[in-house]
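I opened a new structure today and kept notes as I went. Here is what I had on screen.

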Amino acid sequence: LGTDEKHTVFEAEMVRLTLAAKLIATEQDLTFPLSISVNNQAAVLPGESFYSNPGSYLATKFQRMM
């Protein structure tokens, strides 16, 4: 991903969630409902300015995968 000088915690968490969703998509015989646990405030509470944050495109990608 790069250094912490180039990326934010929010971006890293969104990449992690996107990778988790991709992994789930490759599984067979899934039992629904599914859940992905998140324990990082940067990913859980993006705030009112969600779409103006650096890395918001990653959150959009994750939301579309769901």
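My entries follow, from the whole chain down to single residues.

**Ground rules**

I am working with a predicted model, where local features need pLDDT of at least 70 and side-chain atom pairs count only at pLDDT 80 or more, while totals for chains, interfaces and linings use all residues. Residues are numbered from 1 along each chain as its sequence is written, and side-chain values use heavy atoms, with hydrogens and water left out.

**Entry 1: the whole chain**

I began with the elements: the protein chain has three helices and zero strands. Helices (H or I, at least four residues) and strands (E, at least two) are DSSP runs here, numbered from the N terminus. Read from that end, the order is α-α-α.

Next I looked up burial. Buried means under 20% relative accessible area, exposed over 50%, and partly exposed in between (1.4 Å probe, protein chains only). Of the 66 residues in the protein chain, 26% count as buried.

I also noted the surface, with areas from the Shrake-Rupley method and a 1.4 Å probe (for residues, only the protein chains shown count as cover). The accessible surface of the protein chain is about 5200 Å², and 55% of that belongs to carbon and sulfur atoms.

Then came contacts, meaning heavy atoms within 4.5 Å. Among those between residues at least 6 apart in sequence, 63% join residues at least 24 apart.

**Entry 2: the core**

Which residues make up the largest nonpolar core? I found eight: Phe10, Met14, Val15, Leu17, Ala21, Leu58, Ala59 and Phe62. Helix H1 (9-26) and helix H3 (56-65) are the elements that give two or more residues to this core. H1 supplies the largest share, five residues. For the record, such a core is a set of buried Ala, Val, Leu, Ile, Met, Phe, Trp, Tyr and Cys residues joined through side-chain atoms within 4.5 Å. I jotted down the general background too: in soluble globular proteins, nonpolar side chains tend to be buried together.

I then checked H3 by itself. Its buried residues are Ser56, Leu58, Ala59, Thr60 and Phe62. What do the buried residues of H3 pack against? They pack against H1.

**Entry 3: threonine 18**

Threonine 18 lies in H1, and I count threonine 18 as buried because its relative accessibility is 7%. Leaving out residues up to four places away in sequence, threonine 18 touches Leu58, Lys61, Phe62 and Met65. Its side chain also reaches the backbone oxygen of methionine 14 at 2.9 Å.

**Entry 4: two exposed residues on H1**

Is leucine 19 buried or exposed? Leucine 19 sits in H1 and is exposed, with a relative accessible area of 54%. I looked up its C-alpha distance to phenylalanine 62, 43 residues away along the chain, and got 8.9 Å.

Alanine 25 is in H1 as well, and alanine 25 is exposed at a relative accessible area of 64%. Alanine 25 and methionine 65 are 40 residues apart in sequence, with 9.2 Å from C-alpha to C-alpha.

**Entry 5: one salt bridge**

A salt bridge needs a side-chain nitrogen of Lys or Arg within 4 Å of a carboxyl oxygen of Asp or Glu. How many salt bridges does that rule give? I get one. The side chains of arginine 16 and glutamate 13 form it, at 3.0 Å from N to O. These two are three residues apart in H1, so about one helical turn separates them. Arginine 16 is partly exposed, with a relative accessible area of 33%, while glutamate 13 counts as buried at 14% relative accessibility.

**Entry 6: the loop between H1 and H2**

Phenylalanine 32 lies in the loop between H1 and helix H2 (41-44), and proline 33 is found there too. A cis peptide bond joins phenylalanine 32 and proline 33, with omega about 5°. Phenylalanine 32 is exposed, at a relative accessible area of 62%.

Aspartate 29 belongs to this loop as well. Its phi is positive, about 60°, although aspartate 29 is not a glycine. I count aspartate 29 as exposed because its relative accessibility is 78%.

My last note is a nonpolar surface patch of about 290 Å², made by Leu30, Phe32 and Leu34. Patch residues have over 30% relative accessible area and no salt bridge, with like charges joined within 9 Å and nonpolar side chains (Val, Leu, Ile, Met, Phe, Trp, Tyr) within 5 Å.

How values were computed: Polar contact = N/O pair within 3.5 Å; in protein donor to acceptor, adjacent residues only side chain to side chain.
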